[in-house]
Amino acid sequence: MITDMAVMGFDANTHSATLVSLHPLARLEDVVENTGFPLNIPREVPPTPLPTQEELRLLREEIDPRGVYLR
Amino acid sequence: MTEVLASEIMAAAGARELRDGEVVVVGLGLPQVACVLAQRTHAPRLSALLEIGVMNMSPIDTAVGLADPRIWYRATCWSGFLDVMGMNVHRGVVDVGFLGALEIDRFGNINTTLVKDDSGKVRYVNGSAGGNDIASHAKRVIMIMRHEKRKLPEAVGGNWACAAAVHIA
């Protein structure tokens, strides 16, 4: 599950949603506030890696140059 | 390079979930953008399937719908919905279903069919189309959506039975 704040997965045992990584600039409290169910939050939550310069170039210049979906 | 958008982080995160050589049924919007990004970086042998029957395309522009020929460029197969659903999804050869959703609950049940607003009025959305089949049969399912409380409820469909709910956990 990829949102505009975080990446979430599902716990192998309980099958319930678990935070995998937090996007840079997103705050953990905002994720909790904007989730309608109790989210499992591990002790260590790594940041979601930013796109590389080459990924940004491809996205902005070739894949969606007019910002139809990337806005 | 200007500030990175949340949608760009989402597209890159989605692309990194895909592995080279995988068969991916891809939905329109950010899933399709992420899929093309994966193909042009670490996954050149990834096979993308559109629900309407177009496969292995090399999009030359951003599509506004699945039936938009700008993303069908150089496709290797032009068949139909039943071929994608039957010969691919139901045969179990699809590695990843990459979809959007209206609601997902804490156990990964997906709703793309209808929601009730606060006044109790029902709003129909155009899913699930193949979403149920794809989420049920693909080996992995990746969902992309905005992070909002109402889109991530305790249980999909509010207090009533939701026919399109599927399980991805």
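Select B:Arg16 first: this residue is partly exposed, with a relative accessible area of 32% (buried means under 20% relative accessible area, exposed over 50%, partly exposed in between, with a 1.4 Å probe and protein chains only). The model is predicted, so local features need pLDDT of at least 70 and side-chain atom pairs count only at pLDDT 80 or more, while totals for chains, interfaces and linings use all residues. Residues are numbered from 1 along each chain as its sequence is written, chains are lettered from A and ligands numbered from 1 in the order in which they are written, and side-chain values use heavy atoms, with hydrogens and water left out.

Add A:Glu55 to the selection. Its side chain meets that of B:Arg16 in a salt bridge, at 2.5 Å from N to O (a salt bridge is a side-chain nitrogen of Lys or Arg within 4 Å of a carboxyl oxygen of Asp or Glu). The pair crosses between chains, from helix α2 of chain A, which holds A:Glu55, to helix α1 of chain B, which holds B:Arg16 (helices are DSSP runs of H or I with at least four residues, strands are runs of E with at least two, and both are numbered from the N terminus). A:Glu55 counts as buried, at 7% relative accessibility.

Now show the two helices as cartoons: α2 of chain A, residues 53-63, and α1 of chain B, residues 6-17. Their axes come within 11 Å and cross at roughly 115 degrees (axes are lines fitted to C-alpha atoms, for helices over the stretch in contact, and angles run from 0 to 180 degrees between N-to-C directions). α2(A) and α1(B) are therefore roughly perpendicular to each other (angles under 35 degrees count as roughly parallel, over 145 as roughly antiparallel, 65 to 115 as roughly perpendicular and the rest as oblique). The crossing of α2(A) past α1(B) is right-handed (left-handed if the near helix is turned anticlockwise from the far one by less than a right angle, right-handed if clockwise).

Keep α1(B) and select helix α2 of chain B, residues 30-39; here the axes come within 8 Å and cross at roughly 60 degrees. That makes α1(B) oblique to α2(B). This crossing, too, is right-handed.

Next, go to B:Glu22, which is buried at 8% relative accessibility. B:Arg19 forms a salt bridge with B:Glu22, with 3.8 Å between the closest N and O atoms. B:Arg140 meets B:Glu22 in a salt bridge as well, at 2.7 Å from N to O. This pair links distant parts of the chain, 118 residues apart: B:Arg140 is in strand β10 (residues 140-144), and B:Glu22 is in the loop between α1 and β1 (23-26) of chain B. B:Arg140 is partly exposed, at 22% relative accessible area.

For another set of charged residues, select A:Glu54, A:Arg57, A:Glu61, A:Glu62 and B:Arg40, which salt bridges with shared partners join into one network. Over all chains, the structure holds 18 salt bridges.

Two loop residues are worth a backbone check. A:His15, in the loop between β1 (6-10) and β2 (17-22) of chain A, has a positive phi of about 60 degrees although it is not a glycine. A:His15 is partly exposed, at 35% relative accessibility. B:Arg74 lies in the loop between β3 (54-55) and β4 (77-78) of chain B, and its phi is positive, near 55 degrees. B:Arg74 counts as exposed, at 62% relative accessibility.
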